[in-house]
Amino acid sequence: MVSPELINRLERIEKLLLFNKKVLTIEEAADLTGYKPSYLYKLTSAKEIPHSKPNGGSIFFNKEKLESWMLQNEVKSKQDLKSEALSYTLKNRKS
């Protein structure tokens, strides 16, 4: 019998190997994003997520584009906003 700990470790290794791929299937994209494949299908149907459909068949995702999509609309921290405001103020200060 295989221990649950060993199964967990193998699953983690499998996921690490997945993240080295450049082109992902819908299932792999679901693992990367944490979204269910059905939701990814909905996003691709609405053309709200970058994807490829060679010959009109299976859906594939470019890992870099998918990561960029996930990181869009960044919300800046209060510290980032304060730093930007200070930098702007110092840069545009009238002497």
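Start by selecting Asn73, in the loop between helix 4 and helix 5 (78–91); helices here are DSSP runs of H or I with at least four residues, strands are runs of E with at least two, and both are numbered from the N terminus. Before moving on, note that this is a predicted model, in which local features need pLDDT of at least 70 and side-chain atom pairs count only at pLDDT 80 or more, while totals for chains, interfaces and linings use all residues. Residues are numbered from 1 along each chain as its sequence is written, and side-chain values use heavy atoms, with hydrogens and water left out.

**Stop 1: two asparagines and a glycine in loops**

Asn73 is not a glycine, yet its phi is positive, about 60°. Is it buried or exposed? At 68% relative accessibility, Asn73 counts as exposed. (Buried means under 20% relative accessible area, exposed over 50%, and partly exposed in between, using a 1.4 Å probe and protein chains only.)

Now select Asn55, which sits in the loop between helix 3 and strand 2. Asn55 also is a residue other than glycine with a positive phi, near 55°, and its relative accessibility of 85% makes it exposed. Add Gly56, placed in the loop between helix 3 and strand 2 and exposed at 55% relative accessibility. For a sense of scale, draw a C-alpha to C-alpha distance from Gly56 to Arg93: the two are 37 residues apart in sequence and 57 Å apart in space.

**Stop 2: helix 2**

Next, colour helix 2 (26–33). Of its 8 residues, 6 are buried, so helix 2 is largely enclosed by the rest of the structure. The buried ones to select are Ile26, Glu28, Ala29, Ala30, Leu32 and Thr33. They pack against helix 1 (4–18), strand 1 (23–25), helix 3, strand 2 (60–62) and helix 4. Just after helix 2 comes Gly34, with a positive phi near 85°.

Show helix 3 (37–45) alongside. The axes of helix 2 and helix 3 come within 9 Å and cross at roughly 105°; axes are lines fitted to C-alpha atoms, for helices over the stretch in contact, and angles run from 0 to 180 degrees between N-to-C directions. That makes the two helices roughly perpendicular, a label for angles of 65 to 115 degrees (under 35 is roughly parallel, over 145 roughly antiparallel, and the rest oblique). Ile26, Ala29, Ala30 and Thr33 of helix 2 meet Pro37, Leu40 and Tyr41 of helix 3, where contact means heavy atoms within 4.5 Å.

**Stop 3: two buried charged-type side chains**

Zoom in on Glu28 of helix 2, which counts as buried at 17% relative accessibility. What does the side chain of Glu28 join? It makes a polar contact of 2.8 Å with the side chain of Lys21. A polar atom of the Glu28 side chain also lies 2.9 Å from the backbone nitrogen of Thr25. (A polar contact is a pair of N or O atoms within 3.5 Å; within protein, one must be able to donate a hydrogen and the other to accept it, and residues adjacent in sequence count only if both atoms are side-chain atoms.) Beyond neighbours within four places in sequence, Glu28 is in contact with Leu18, Lys21 and Val23.

Then pick Lys63 in helix 4, buried with a relative accessible area of 16%. Leaving aside neighbours within four places in sequence, Lys63 contacts Phe19, Lys21, Lys22, Leu24 and Leu32.

**Stop 4: the largest nonpolar core**

Select Leu24, Leu40, Ile49, Phe61 and Leu66, the residues with the most contacts inside the largest nonpolar core, which has 13 residues. (Such a core is a set of buried Ala, Val, Leu, Ile, Met, Phe, Trp, Tyr and Cys residues joined through side-chain atoms within 4.5 Å.) Helix 2, helix 3 and helix 4 (63–70) each give two or more residues to this core, and helix 2 gives the most, with 4. Centre on Ile49: not counting residues up to four places away in sequence, Ile49 touches Leu40, Leu43, Thr44, Phe61, Leu66 and Trp69.

**Stop 5: the aromatic cluster**

Finish with Tyr35, Tyr39 and Trp69, which form one aromatic cluster. How many aromatic pairs does the whole structure hold? A search finds 2. The ring centres of Tyr35 and Tyr39 are 5.0 Å apart with planes at 65°, so this pair is edge-to-face. Tyr35 and Trp69 also pair edge-to-face, at 6.3 Å centre to centre and 70° between the planes. (Rings of Phe, Tyr and Trp, the last by its six-membered ring, pair if their centres lie within 6.5 Å; planes under 30 degrees apart are stacked, over 60 edge-to-face, and the rest tilted.) Because Tyr35 lies in the loop between helix 2 and helix 3 and Trp69 in helix 4, their pair ties together parts 34 residues apart in sequence. Trp69 is buried at 16% relative accessible area, whereas Tyr35 is partly exposed at 35% and Tyr39 is partly exposed at 37%.
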